[in-house]
Amino acid sequence: MIQTENLLHELIEKHGNTRDGLLPILQGVVAKENYLSEPRMVEIAKALNISSAEVYGTASFYTYLFTKPMGKNVIRVCKTISCKMAGKQEIIKAIEKTLKIKVGETTRDKNFTFIETNCLGWCHKGPVMIINDEVYPEITPERAVEILCEMDPKHLSKF
Amino acid sequence: MKTSELKKVDIIFDCVQCAPIEVVKKSLAMHPDEIIEQIISSGLRGRGGAGFPTGLKWKLAKEEVSDQKYVICNADEGEPGTFKDREILDLVPNKVLAGMAICAYVIGATEGFIYLRNEYNFLLKKLIPTLENFNKNLQEIGLDFTIKLFSGSGAYICGEESALFESMEGKRGEPRNKPPYPTRNGYKGKPTVINNVETLVYCNMIMRIGVEPFKQLGTKDSRGSKVFSVSGDTTKAGIYELELGIGVDEFVNEFGNGDTKAVQIGGASGFCVPRKDFANKIIGFEGVPTGGSMMIFNSSRSMYNILKDYLEFFVEESCGQCTPCRVGTQQLLKGIEAVKHGEMPSSYLNQLMKLSETMKVASKCGLGQSVPNAFSSIVKNFKEEMIY
């Protein structure tokens with residue numbers, strides 16, 4: 001708890017306690033804690049002197065501001081047409097099989113969350129996968145599995 | 001089959017040894033009105049898709065009297081099939097920054113922002129030091145202007161300028177009513193120039209190479225060149241700077257692989273041009289406008305699946321604020337599915353067309369207003385694929 005207060009304190013110090021600091025503050029909390037818990041949103045609302053509904057309303061608008069617990073690593077695969085034509089479905093299958101979860105789910109150990117997203121801006125090099133901020137263009141199913149196993153060797157044994 | 005080669009242009013990525021900061025320095029020696037006059041006479045129009053005359057935008061912002069003005073670089077590139085701004089920011093960020101600085105000098109702004117989509121956060125590693133350095137250079141040449149970065153949080157609609165301001169102000173990215181326009185009432189209610197990444201580079205380049213080399217390219221309504229993001233059924237996917245006003249047939253001859261059925265120009269919010277129209281459509285503001293997205297589809301592709309993909313995109317990305325767009329996007333999607341599955345007669349497509357026309361006139365912002373572009377151009381040209 002003390003650590004959280006420190007985090008919030010730091011973020012407010014950096015971005016100010018006015019409304020236009022809200023997005024960077026929310027981004028900062030997600031970066032450290034993976035998502036925005038209800039108590040955290042209430043704290044932020046108090047610190048910025050706005051209603052917690054405003055904080056939740058804002059957070060829930062953006063796909064990168066999670067209001068539900070997420071895994072430590074977020075895997076995104078682009079689902080838009082160019083990546084679809086380039087074979088994103090094979091990538092999805094490979095990831096699902098490796099992590100034993102479906103799109104939209106989180107592994108039981110909370111290490112990975114796997115989601116599909118709209119255009120990621122790599123249409124000429126599809127399919128594309130992004131893990132956290134790291135981009136993997138022209139990804140193959142084999143390479144995707146390899147990357148996941150490098151990040152978490154426990155998935156290795158299954159292949 | 002034509003054999004003429006498409007004219008490739010090299011303005012945006014040219015690597016002539018001329019530091020962008022020198023162009024800012026040169027511009028500072030000119031009167032702001034003189035710069036505005038040059039940008040206006042170049043005929044440059046916004047490269048993000050909407051195509052507003054850039055010089056006029058700067059002029060309107062300059063004429064406003066205010067204690068504070070802003071320059072914002074719109075790097076919330078999210079249109080399906082577009083990836084040129086990412087490449088520009090990656091390869092020639094200083095040219096973008098210089099464009100912003102010239103604009104700041106012209107309109108009298110002291111603060112600027114780059115609104116970068118979250119999906120491009122990997123660029124920050126290089127961009128932050130570049131920016132710090134550039135800000136220092138600006139101080140050295142005596143321009144009171146500082147550029148900061150603002151990260152988006154994953155919302156296509158925030159590429160709409162007023163939604164982008166809302167987002168920067170810490171709110172949901174819901175577009176505002178217009179007018180007032182950003183040049184009067186933008187970020188924090190202050191006069192703001194918001195330009196696309198590519199537009200800012202062209203401003204910088206026009207100040208460097210002069211109006212004429214730019215103006216000689218393109219057509220009367222679409223001066224200059226533009227960066228295109230080419231993807232889909234092509235062996236030459238990538239980023240190309242081409243003259244505006246080229247024929248769709250010329251484009252297909254260059255990039256298609258011989259079996260092109262249709263080209264989607266301008267992404268999900270753009271228009272679908274079928275093969276029969278390749279020869280009589282040009283790429284430009286007087287023809288088919290585009291923010292850069294060029295998706296090529298072969299005969300083997302189902303246009304129903306493509307339209308469905310675009311509609312699913314809009315259903316997710318509609319901000320939900322106004323009814324025509326929130327409900328319209330969902331009904332269009334449900335509608336084409338129902339026709340395809342035989343639950344509704346094919347004549348239902350006509351009703352859906354009417355709905356899309358209503359969305360065009362009744363939606364609050366460009367998102368809802370442009371859903372009909374893809375919808376009607378695909379349904380009209382590939383009706384049989386929608387039904388069978």
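Biologist: Why is Lys171(B) counted as partly exposed?

Modeller: The relative accessibility of Lys171(B) is 27%. A residue is buried under 20% and exposed over 50%. The value for Lys171(B) falls in between, so partly exposed is the right term. The model is a predicted one, and the values discussed here are computed from it.

Biologist: What makes the pair Glu166(B) and Lys171(B) a salt bridge?

Modeller: The closest N and O atoms of Glu166(B) and Lys171(B) are 3.7 Å apart. The rule asks for a Lys or Arg side-chain nitrogen within 4 Å of a carboxyl oxygen of Asp or Glu. The pair therefore qualifies.

Biologist: Is Glu166(B) itself buried or exposed, and how do you know?

Modeller: Glu166(B) has a relative accessibility of 13%. This value is under 20%, and Glu166(B) is therefore called buried.

Biologist: What makes Glu166(B) and Arg176(B) a salt bridge, and where in chain B do the two residues lie?

Modeller: The closest N and O atoms of Glu166(B) and Arg176(B) are 2.7 Å apart, which is within the 4 Å limit. This pair links distant parts of the chain, with Glu166(B) in helix H7, residues 161-168. Arg176(B) belongs to the loop between H7 and strand S4 (192-196), and the two residues are 10 residues apart.

Biologist: How do you know that Arg176(B) also forms a salt bridge with Glu169(B), and why is Glu169(B) called buried?

Modeller: The N to O distance between the side chains of Arg176(B) and Glu169(B) is 2.9 Å, again within 4 Å. Glu169(B) has a relative accessible area of 11%, under the 20% limit, and so counts as buried. Elsewhere, salt bridges with shared partners join Lys84(B), Asp85(B), Glu198(B) and Lys226(B) into one network.

Biologist: How many salt bridges does this rule give over all chains?

Modeller: The count over all chains is 40.

Biologist: Why is Leu56(B) described as partly exposed, and what does Leu56(B) form with Phe52(B) and Leu60(B)?

Modeller: Leu56(B), in helix H3 (residues 54-63) of chain B, has a relative accessible area of 35%. That is neither under 20% nor over 50%, and Leu56(B) is therefore partly exposed. Phe52(B), Leu56(B) and Leu60(B) form a nonpolar patch on the surface, with about 230 Å² of accessible area together. A patch residue needs over 30% relative accessible area, and the 35% of Leu56(B) therefore passes this cut-off.

Biologist: Thr54(B) lies in helix H3 of chain B too. Why is Thr54(B) counted as buried?

Modeller: Thr54(B) has 1% relative accessibility, which is under 20%, so Thr54(B) counts as buried. Beyond its neighbours within four places in sequence, Thr54(B) is in contact with residues including Ile39(B), Leu44(B), Asn195(B) and Cys203(B).

Biologist: What makes the pair Asp259(B) and Ser299(B) a polar contact?

Modeller: The side chains of Asp259(B) and Ser299(B) make this contact at 2.4 Å, and the limit for a polar contact is 3.5 Å. The C-alpha atoms of these two residues are separated by 6.2 Å, although the residues are 40 apart along the chain. Asp259(B) is found in the loop between helix H10 (248-255) and strand S7 (260-265). Leaving aside neighbours within four places, the contacts of Asp259(B) also include Arg275(B) and Phe297(B).

Biologist: Why is Asp259(B) called partly exposed?

Modeller: The relative accessible area of Asp259(B) is 32%, which lies between 20% and 50%, and the term therefore applies.

Biologist: Which domains does the assignment give for chain B?

Modeller: The assignment gives domain 1 (20-215), domain 2 (225-298) and domain 3 (303-386). Between domain 1 and domain 2 of chain B, the contact takes 18 residues from domain 1 and 20 from domain 2. The C-alpha centres of these two domains are 26 Å apart.

Biologist: Which domains and how many helices and strands does chain A have?

Modeller: Chain A is divided into domain 1 (2-59) and domain 2 (73-158), with C-alpha centres 29 Å apart. Chain A has seven helices and four strands. Of its 159 residues, 52% are buried.

How values were computed
Residues are numbered from 1 along each chain as its sequence is written. Chains are lettered from A and ligands numbered from 1 in the order in which they are written. This is a predicted model: local features need pLDDT of at least 70, side-chain atom pairs count only at pLDDT 80 or more; totals for chains, interfaces and linings use all residues. Side-chain values use heavy atoms; hydrogens and water are left out. Patches are made of residues with over 30% relative accessible area and no salt bridge: like charges are joined within 9 Å, nonpolar side chains (Val, Leu, Ile, Met, Phe, Trp, Tyr) within 5 Å. Accessible areas come from the Shrake-Rupley method with a 1.4 Å probe; for residues, only the protein chains shown count as cover. Buried means under 20% relative accessible area, exposed over 50%, partly exposed in between (1.4 Å probe, protein chains only). Contact means heavy atoms within 4.5 Å. A polar contact is a pair of N or O atoms within 3.5 Å; within protein, one must be able to donate a hydrogen and the other to accept it, and residues adjacent in sequence count only if both atoms are side-chain atoms. Domain bounds come from an automatic or database domain assignment.
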